[in-house]
Amino acid sequence: MSTMTLRNVCKSFGSVEVIRDVSLEVDDGEFVILVGPSGCGKSTLLRMIAGLEDVTSGDLAIDNRRITNVPPKDRDIAMVFQNYALYPHMTVAQNMGYSLKLAGWSRADIDKTVGETAESLGLGPLLGRFPKELSGGQRQRVATGRAIVRNPKVFLFDEPLSNLDAKLRVQMRSEIRDLQKRLGVTSIYVTHDQVEAMTMADRIVVLHDGLIEQVGAPLDLYDRPANLFVATFIGSPS
Ligand code: ADP
Ligand code: MG
């Protein structure tokens, strides 16, 4: 169980400021959705939290431990990407166990953890398959499984459902939420889809040009949008 803190986080690429003074506290076990139009800085913010991108200024902390300059692998953070590239030459079991192998786990411990995680995601019967033998939804589940095997303190999702068709997307929304609740992992989930945000989030953070416009529960944003941008963005069909 963990809290994730962002304190006055800024990011510039050259002279272009893409994240402007973002502060946010994500509670233990909370599922926060970061929403905003394409190019507003969502992926950049997640990548900084994961350590894949340096922060220009500001601080990040998990449970009050400053992680701003901690290498990605030591942050206890797992991330699921939009293009959840699975290793094509590895089976589902090997894909899910790879990070454990790199971390020096024994074969028996890897098999046990991968087996249990696969069971919890309904992937038990698929452990011997290769990615090309899986459906889009199954691949998404493997990518999620690969991220959770190391029992991270914080879970990051960057538009994980955007490559799936509409029907599967709706189904996977509740799968992800059910899993997250079961594990109780503090999570930050990025989407540009307002419906996804409204239906999945404990709290929504609306980002616009690198600035937070509003933070609140879905109904708060819907009933009391802070400004015209939030009202228009939340109210418009995706
Ligand atoms: P989003 O995920 O919300 O669509 P991004 O975080 O990908 O937005 O991008 C935010 C802004 O930062 C965009 O203007 C984008 O062009 C710019 N940007 C992202 N990565 C880089 C980079 N490595 N170098 C320069 N500009 C970048
Ligand atoms: Mg993005």
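Which residue follows α2 with a positive phi? The residue is G104, and its phi lies near 90 degrees. This glycine is a convenient way into a predicted model in which the chain averages a pLDDT of 93 and 98% of the residues score at least 70. The model scores are an ipTM of 0.98 and a pTM of 0.93.

Helix α2 itself spans residues 92–102, and its buried residues are V92, A93, N95, M96 and G97. These buried positions pack against two other helices, α3 (107–120) and α4 (136–148). A general point about helices helps in reading such a pattern: with 3.6 residues a turn, an α-helix has residues three or four places apart pointing the same way.

Two open sheets can be described in turn. One has four strands in the order β2-β1-β4-β5, with antiparallel pairing. Its edges are formed by β2 and by β5 (65–66), each of which pairs on one side only. Helix α1 packs on this sheet, where it touches β1, β2 and β4, and its direction makes about 60 degrees with that of β2.

Within this sheet, strand β1 (residues 4–13) is joined to β2 (residues 16–26) by seven bridges, and the two strands run antiparallel. The register can be followed through individual pairs: M4 has V26 as its bridge partner in β2, while K11 stands opposite I19 of that strand. The hairpin of β1 and β2 has two residues between the strands, and G14 there takes a positive phi near 60 degrees. Strand β1 is also joined to β4 (residues 57–62), again in antiparallel fashion, through five bridges. One pair in this register is R7 with its bridge partner D59 in β4. When side chains along these strands are inspected, it is useful to recall that in a regular strand they alternate between the two faces of the sheet.

The other open sheet has six strands, ordered β6-β7-β8-β3-β9-β10, and its pairing is mixed. Strands β6 (77–80) and β10 (211–216) are the edges, each pairing on one side only. From one strand to the next, the twist averages 20 degrees. Strands β3 (residues 31–35) and β9 (residues 203–208) run parallel and are joined by four bridges. In this pair of strands, V32 has R203 of β9 as its bridge partner.

Just ahead of β9 there is a residue worth a closer look. A201 lies in the loop between α6 (194–200) and β9. Despite this loop position, A201 counts as buried because 23 other C-beta atoms lie within 10 Å, and the cut-off for burial is 20 or more. Leaving aside residues up to four places away in sequence, A201 touches F31, V32, I33 and P218. A201 and A217 are 16 residues apart in sequence, and their C-alpha atoms are 7.4 Å apart in space.

Attention turns last to the ligand. Ligand 1 is surrounded by F13, V18, G36, S38, G39, C40, G41, K42, S43 and T44. By character, this shell comprises three nonpolar residues, six polar residues and one charged residue. Helix α1 (residues 42–50) gives the most to the shell, with three residues. The helix that contributes in this way to the ligand shell is also the one packed on the four-stranded sheet, where it touches β1, β2 and β4.

Definitions and conventions:
Residues are numbered from 1 along each chain as its sequence is written. Chains are lettered from A and ligands numbered from 1 in the order in which they are written. This is a predicted model: local features need pLDDT of at least 70, side-chain atom pairs count only at pLDDT 80 or more; totals for chains, interfaces and linings use all residues. pLDDT is the predictor's confidence in each residue, from 0 to 100. A residue is near a molecule or strand if its C-beta atom, placed from the backbone, lies within 6 Å of it. Ala, Val, Leu, Ile, Met, Phe, Trp, Tyr, Cys and Pro count as nonpolar, Asp, Glu, Lys and Arg as charged, and the others, Gly among them, as polar. Two strands pair if DSSP finds at least two bridges between them. Axes are lines fitted to C-alpha atoms, for helices over the stretch in contact, and angles run from 0 to 180 degrees between N-to-C directions. A residue is buried if 20 or more other C-beta atoms lie within 10 Å of its own, exposed if 12 or fewer, and partly exposed in between; C-beta atoms are placed from the backbone. Two residues are in contact if their C-beta atoms, placed from the backbone, lie within 7 Å.
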